[in-house]
Amino acid sequence: MTVYYEKGDCLYMGKKELLRRYIIFAFGLIFNSFGVAFVTKASLGTSPISSIPYSLSLIITRLTMGNWTIFYSILLTLLQWAILKKNAKKAELVLQMIVSVAFGYLIDFSMFLLQAVQPQVYIVKIVLLLIGCVIIAFGAYLEVVGDVVMLPGDAFVRAITKVTKKEYGIVRVISDVSMAVVAAILCLVFLHRLIGVREGTIIAALVVGTFVKIFSARLKPLTAWLLADTE
């Protein structure tokens, strides 16, 4: 039986339940990183949240995409602290930083495993892009099921939502567009062409959320099994 312990305004779940959720989240992180790698290797741009780290990795090649993802994620975590001020949960922010480091290295590992993938035919690039979007969506689904911590990109949007009182979906769209625009400007200024932001960025922004909804709706038995009480 799952046991929850209440202390003040916080709700604490049993250790076994918490461990299981972290394991689910970890698998979600792994799938997410492979999805990002697939989308990036399609050479049609990358997802909006990864567009700035990817563009920076093309400009300053001494640091990998994973390295830039870590730095960028930590920046977003610090911005949350500045936005939320007294309402910021420091323990959660520290956990986000730890997750960011893991996610960055997982992206580099995924890119290493896919280093031989160099598609030349456009239709193959599209297929790789869509495969990556599906993998990212499944990873996001697992992260939602785990429900223990948010990646800094998502948590940053949530922080803005709390302060502005706007709908999460609206803020997310504005955030994604803003990140893509910044990445595009970086590429145009330093590389004189668009690489990090292309049609793949738009496609990823449009379809990943749809795939997450499909997984959430169609995989309810899997969700129930993952969270099933084993005690």
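Me: Before we start, what does contact mean when we say that one element covers another?

Reply: Contact means heavy atoms within 4.5 Å. Keep that in mind as we walk through this model, which is predicted.

Me: Thanks! How many helices and strands does the chain have, and in what pattern?

Reply: The chain has 9 helices and 2 strands. Along the sequence the pattern reads β-β-α-α-α-α-α-α-α-α-α.

Me: How compact is the chain, going by its radius of gyration?

Reply: Set the radius beside the value from the globule rule. Here the radius of gyration is 18 Å, close to the 17 Å that the rule gives for 231 residues, so the chain is as compact as a globular protein of that length. Its C-alpha trace spans about 55 × 40 × 30 Å along the principal axes. Buried residues account for 45% of the 231 residues. Among contacts between residues at least 6 apart in sequence, 73% join residues at least 24 apart.

Me: What covers the buried residues of α6?

Reply: Let's begin with the helix itself. At 1.5 Å a residue, the 13 residues of α6 (152-164) should span 18 Å, and the end C-alpha atoms are 18 Å apart, which agrees. Its buried residues include Pro152, Gly153, Phe156 and Val157. Among the elements that cover the buried residues of α6 are α2 (48-59), α3 (65-84), α4 (90-113) and α7 (168-190). After α6 comes Lys165, with a positive phi near 65°.

Me: Let me try a residue in α4. Is Ser100 buried or exposed, and what is it in contact with?

Reply: Ser100, in helix α4, is buried, with a relative accessible area of 1%. A polar atom of the Ser100 side chain lies 2.7 Å from the backbone oxygen of Gln96. Beyond its neighbours within four places in sequence, Ser100 is in contact with Ile70, Ser73 and Pro152. Pro152 is one of the buried residues of α6.

Me: What should I look for in a nonpolar core?

Reply: In soluble globular proteins, nonpolar side chains tend to be buried together. In this chain the largest nonpolar core has 36 residues, and Cys133 and Tyr141 have the most contacts inside it. Helices α1 (15-41), α4, α5 and α8 (199-218) each supply at least two residues of this core. The most come from α5, which gives 12 residues. A second, separate core has 12 residues, including Ile52, Leu76, Met179 and Val197.

Me: Which residues is Cys133 in contact with?

Reply: Apart from neighbours within four places in sequence, Cys133 is in contact with Val39, Ala204, Val207, Val208 and Phe211. Cys133 is buried, at 0% relative accessible area.

Me: Why is there no disulfide between Cys133 and Cys187?

Reply: Compare the distance between the sulfurs with the cut-off: a disulfide needs two cysteine sulfur atoms within 2.5 Å. The sulfur of Cys133 is 18 Å from the closest cysteine sulfur, in Cys187, so the two are too far apart for a bond. The structure holds 0 disulfides. Cys187 is buried too, with a relative accessible area of 0%.

Me: One last residue. Where is Leu142 found, and what is it in contact with?

Reply: Leu142 is found in helix α5 (residues 122-146) and counts as buried at 6% relative accessibility. Leaving aside neighbours within four places, Leu142 is in contact with Ile24, Phe25, Phe27, Gly28, Phe31 and Leu226. Sequence distance and spatial distance are worth reading side by side. Leu142 and Arg20 are 122 residues apart in sequence, and their C-alpha atoms are 12 Å apart in space.

Note on methods: Residues are numbered from 1 along each chain as its sequence is written. This is a predicted model: local features need pLDDT of at least 70, side-chain atom pairs count only at pLDDT 80 or more; totals for chains, interfaces and linings use all residues. Side-chain values use heavy atoms; hydrogens and water are left out. Buried means under 20% relative accessible area, exposed over 50%, partly exposed in between (1.4 Å probe, protein chains only). Helices (H or I, at least four residues) and strands (E, at least two) are DSSP runs, numbered from the N terminus. The expected span of a helix is 1.5 Å times one less than its number of residues. A polar contact is a pair of N or O atoms within 3.5 Å; within protein, one must be able to donate a hydrogen and the other to accept it, and residues adjacent in sequence count only if both atoms are side-chain atoms. A nonpolar core is a set of buried Ala, Val, Leu, Ile, Met, Phe, Trp, Tyr and Cys residues joined through side-chain atoms within 4.5 Å. The radius of gyration is taken over C-alpha atoms; the globule rule is 2.2 Å times the number of residues to the power 0.38.
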